[in-house]
Every structure is written in C-alpha cells, then in structure tokens.
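Please open the model in your viewer and display it as a cartoon. The tour below proceeds by selections, each followed by a short account of what is found there.

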Amino acid sequence: MGWGMKWGGAQRAPKAEERTEPTLSRPAPTASAAAAARRATPTATALQPPVPETSWNARVFEHIEWRRFEAVCEGLFAQSGMRAETQSHGADGGVDIWLWSQFSDKPVIVQCKHWKKRVVGVKELREFYGVLKSHDLTYGTFATSSTFSQDALAFAKDNRINAQDREGLLRLIAGRAQDQQSALLRTAYEGEYWKPTCVKCGVKMVLREKRDGSSSFWGCANYGKTRCTNMMRLG
Ligand SMILES: [Zn+2]
C-alpha cells in the first residue's frame, strides 16, 4: 500500500500543502528535509526514502533494507507453490526461510544475504552447507542481492546449492506474471522499506546521533526498553 491510498481515502478538508500540490501521490517534503537532502549527507540520505521504482530492476534491492529483501524472496518462492515460513528476527541458525512443498516431506531451506556491494564468498556457502547437513537436508537456496565469487559458485554447484544472485533473482521475478511481479514490488516497498530492522528484536531501527554530534547511525528502537545495543552504519 502506498501513500496514495491513505491520502485518497481521507474524508476531510485538505490542508494548505495538499491544496497547493493536489497531484502529489506522497507528502511533499518539508523545507528543512529538502534542504537536508540537498546537503546529501549520509544522515540526510537516510532520512529521505528513495523514490520507489515502478517496475523491477536492480535499484529496488538498493532501496530496501534486509528484512524487505527477505520478504521478497519469501514471496517469490511462495509464488512457485511452496509454503514459506520466515523467521523475521532472532537466532535463525543460518535459516531465513523454510520452504515446504507438497511433493516432499523435507523442507528446502533458504538463506538471504542482503548485501549491497560485498561479494558472497565460499566461506558463506560452506557455512550454509554446514546448516543443511545439521538439519539432515539435501536442498538449499542461497539468495543474495549481491553477487557470488567464482569459488562460491563452484562450491554451490558441487554441493547442489541453488545459488541465486541479484541477476538470477531479477530473472526469476521477470518470469512471473505481471500481477505477481507487482505483488512482489509492493512487498519490497511495504512500510518504511528504507529503514533497517534490528536483527535481534525485529523492530525498525531509528536514526541516532553520536554523543559529540559528529555523525549519525541506526540504533535499535528498543534501546530504552531492553538495552539492545545493536547498531548499523548509514548507507
Ligand atoms: Zn534490537
């Protein structure tokens, strides 16, 4: 659901800023937010949600956080008739999605790595193979928004791991029916898609400033409640 739905359904007198920009499908940025965006600091970029793509391409993966990427992968596999179960946060033991097919009593496990630039190496594939063996399973899929190194791909092939990189996932998505592609795009851009989720608590993180005000970082929104000190760098 986008901003447009919320706005379109409102039964009230429009505010001044809505009257001046009647065709805007999302709220106009405030003057201070626009000024911050012009400065283009990492903080300003983090505060400004990237404008959603209208069709699938590699930029979608750059716009969204890891949890949305996982949700897209889950939706993609569910579309092929598998029942998908996701563990949204907490200790996943190396499994992000469990896929159940009606043709087998053993699940396929999926690990998702939402990396923007870092290449997935053979180390990650070996670890995933260890997870497969620990569950006494044969089939696993390793999905990434990045790419695999050559030795990682060779290892995946030798061990029957289905390795899907950015291009592979985009090809799979392109093979879906138009309404399925649209559904996956809506999943990608659901909610505050650009804000990272705390891997420990499953809640969205919030922008915090270092005590000396020199820079900002993403901190867990639960910090005050649970003292969760999980943090992420911007960008
Ligand atoms: Zn947390």
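Which residue in β5 does threonine 141 stand opposite? Select threonine 141, and its counterpart in β5 proves to be asparagine 162.

Before going further, please note that this is a predicted model, in which local features need pLDDT of at least 70, side-chain atom pairs count only at pLDDT 80 or more, and totals for chains, interfaces and linings use all residues. Residues are numbered from 1 along each chain as its sequence is written. Helices (H or I, at least four residues) and strands (E, at least two) are DSSP runs, numbered from the N terminus. Two strands are said to pair if DSSP finds at least two bridges between them.

**The open sheet**

Select residues 140–144, which form strand β4. Strand β4 runs parallel to β5 and is joined to it by 4 bridges. Both belong to an open sheet of 5 strands with mixed pairing, in the order β1-β2-β3-β4-β5. Colour 83–86 and 161–164 next: these are the edge strands β1 and β5, each of which pairs on one side only.

**Helix α7**

Now select residues 122–134, the 13 residues of helix α7. From its first C-alpha to its last, α7 reaches 18 Å, close to the 18 Å expected at 1.5 Å a residue (the expected span is 1.5 Å times one less than the number of residues). Show the side chains of Glu124, Leu125, Phe128, Tyr129 and Leu132, the buried residues of α7 (buried means that 20 or more other C-beta atoms lie within 10 Å of the residue's own, exposed 12 or fewer, with C-beta atoms placed from the backbone). Looking down the axis of α7, one finds these buried residues within an arc of 140°, so they line one face of the helix (the arc is that of the directions from the helix axis to the C-beta atoms). On the face turned away from the buried side, select the exposed Lys123, Arg126, Gly130, Lys133 and Ser134. Just after α7, aspartate 136 has a positive phi of about 60°.

**The hairpin**

Finally, move to residues 205–209 and 216–220, which are strands β6 and β7. These pair in the antiparallel sense over 5 bridges, with glutamate 209 opposite serine 216. The two strands form a hairpin with 6 residues between them, and glycine 213 in the turn has a positive phi of about 75°. Add residues 231–232, strand β8, which pairs with β7 in the antiparallel sense over 2 bridges. Here tryptophan 218 has methionine 232 in β8 as its bridge partner.
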